[in-house]
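This report reads a single protein chain from its outline down to a few side chains. The sequence and the model are shown first, and the text then turns to one residue before widening the view.

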Amino acid sequence: MTGYVKLEDVWKIFEEKKKKTEVLRGLNLDIEKGEFVVVLGPSGEGKTTILRIISGLLRQDKGHVYLRGELVDDVPPKDRNVAMVPQNYALYPFMSVYDNIAFPLKVQHTPKEEIRKKVLQVTQMLRIDNLLERKPSELSGGQMQRVAIARALVKGADIILMDEPLSNLDAQVRVMAREELKQLHRELRTTIIYVTHDQTEALSLATKVAVLHEGVIQAYGDPMEVYKRPTNAWVGSFLGNPPMNIIKGEVDSDSIIIENYRLGIPKDYKDLVKSGEKVLVGIRPEDMEIDNNGVLEGTVQMVEDLGAYSVIHVKINESMVRVLEKSLSRRERGEKIKISVDVNKMVLFDALTEKNLLLQQREKVKKN
């Protein structure tokens, strides 16, 4: 069954000075009604392009777009009933909050009384009906966000596209605005598609996160599931701050050897690997602990003190890893330390395809 918003094998190629750039390369994304999906990826990966294609402002070169179960490839933007909340909220500075929200209805020549009724309805729902006479310069970041959303809702749009709307806010305000946005989504159950390169935003806001890289969705699902069990080594090394440690290893009987040290095989992978097989071992920094009884031995190369905890950069033979430690003790460059690992939280990737071996096995089963 087609989702509420669906991109099917979508390609977008930009050409500049006879040079072609494939921004989206057969991208697939299926979003159900009422979900809050965050498209996460590095800058320049095509996140905004996805929003523009969904809204109809940009035409895909190949593939199809479905909204509410209907094919909309040839439907103009004004008829898609989709609203965009841009990065800067695009509020008119000399207009009041009321006039900013009412503007789309005025353009449609909606009767004044109907405009007033709709504006009051959405502003009461968003708890900004006491701000109607203010100008944007008199609003906080969170209030401006609500005004931009109210302008989207007043048109009757039930799909809202948000293009990094919190990126211009101060860190403290951003935290509050994130919480407000989560609460709004709980209340409205509107379908929201939100793009960002900020991992904290993605993990804290999304009901589902879609990780975009090289023109395709590399991982899609529950944020913590994607975090704990990344689909491939790139997703593991991208998602997380600090990111997952990826170390070359080799299976030997019931152990994995990394940098001449033996670790156990995670229970979920025991039936998927065989002796002599080369793998990539993914270990989250929080799943490693500086421990005098630890199996791994290394040398401290750098310490990042971040308040509540420190990121300890450790060289283990030829590999560099990051370890999280509560900032109670001081580590010095050159210090020799031992590290223990929570083996069952490790993730194993195929050394050639770099896919999570669990995912690779499921794909094989499906094909058969």
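Does asparagine 100 count as buried or exposed? In this predicted model, asparagine 100 counts as buried because its relative accessibility is 1%, which falls under the 20% limit for that class.

**Asparagine 100 and its surroundings**

Asparagine 100 has its place in helix H2, which runs over residues 97–107. Its side chain reaches two backbone atoms: the nitrogen of tyrosine 92, at 2.7 Å, and the oxygen of methionine 95, at 3.3 Å. When neighbours within four places in sequence are left aside, the residues in contact with asparagine 100 are Leu91, Tyr92, Met95, Pro136, Val147 and Arg151. Tyrosine 92 and methionine 95 thus appear both among these contacts and as the residues whose backbone atoms the asparagine side chain reaches.

**A nonpolar patch at the surface**

Tyr92 also belongs to a nonpolar patch on the surface, which it forms with Phe103 and Val107, and the accessible area of the three together is about 260 Å². Phenylalanine 103 has its place in helix H2, the helix that also holds asparagine 100. With a relative accessibility of 30%, phenylalanine 103 counts as partly exposed, whereas asparagine 100 counts as buried.

**Salt bridges**

The count of salt bridges comes to 18, and three of them are set out below with the distance between nitrogen and oxygen and the relative accessibility of each partner.

| Acidic partner | Basic partner | N to O distance |
|---|---|---|
| Glutamate 22, 43% | Arginine 25, 35% | 3.5 Å |
| Aspartate 74, 68% | Arginine 59, 45% | 3.0 Å |
| Aspartate 99, 26% | Lysine 106, 40% | 3.0 Å |

In the pair of glutamate 22 and arginine 25, whose side chains meet in a salt bridge, glutamate 22 counts as partly exposed, and arginine 25 counts as partly exposed as well.

What does the pair of aspartate 74 and arginine 59 tie together? Aspartate 74 forms a salt bridge with arginine 59, with the closest N and O atoms 3.0 Å apart. Aspartate 74 lies in the loop between strand E5 (70–71) and strand E6 (82–85), while arginine 59 lies in the loop between helix H1 (47–55) and strand E4 (62–67), so the pair ties together parts that are 15 residues apart in sequence. Aspartate 74 is exposed, at 68%, because the limit for that class is over 50%, and arginine 59, at 45%, counts as partly exposed.

Lysine 106 forms a salt bridge with aspartate 99; lysine 106 counts as partly exposed, and aspartate 99 is likewise partly exposed. Elsewhere, Glu325, Arg331 and Glu335 are joined into one network by salt bridges that share partners.

**The chain as a whole**

The secondary structure of the chain comes to nine helices and 20 strands, and its C-alpha atoms fill a box of roughly 75 × 50 × 45 Å along the principal axes. Of the 368 residues in the chain, 49% are buried, and asparagine 100 counts as one of the buried residues. Among contacts between residues at least 6 apart in sequence, 65% join residues at least 24 apart. The accessible surface of the chain comes to about 19100 Å², and carbon and sulfur atoms account for 48% of that area.

How values were computed: Residues numbered from 1 in each chain as written. Predicted model: local features only at pLDDT ≥ 70, side-chain atom pairs only at ≥ 80, totals over all residues. Heavy atoms only, no water. Helix = DSSP H or I, 4+ residues; strand = E, 2+ residues; numbered from the N terminus. Buried < 20%, exposed > 50% of the residue type's maximum accessible area, 1.4 Å probe, protein only. Polar contact = N/O pair within 3.5 Å; in protein donor to acceptor, adjacent residues only side chain to side chain. Contact = heavy atoms within 4.5 Å. Salt bridge = Lys/Arg side-chain N within 4 Å of Asp/Glu carboxyl O. Patch = residues over 30% accessible without salt bridge, like charges linked within 9 Å, V, L, I, M, F, W, Y side chains within 5 Å. Areas by Shrake-Rupley, 256 points an atom, 1.4 Å probe, with all protein chains shown as cover.
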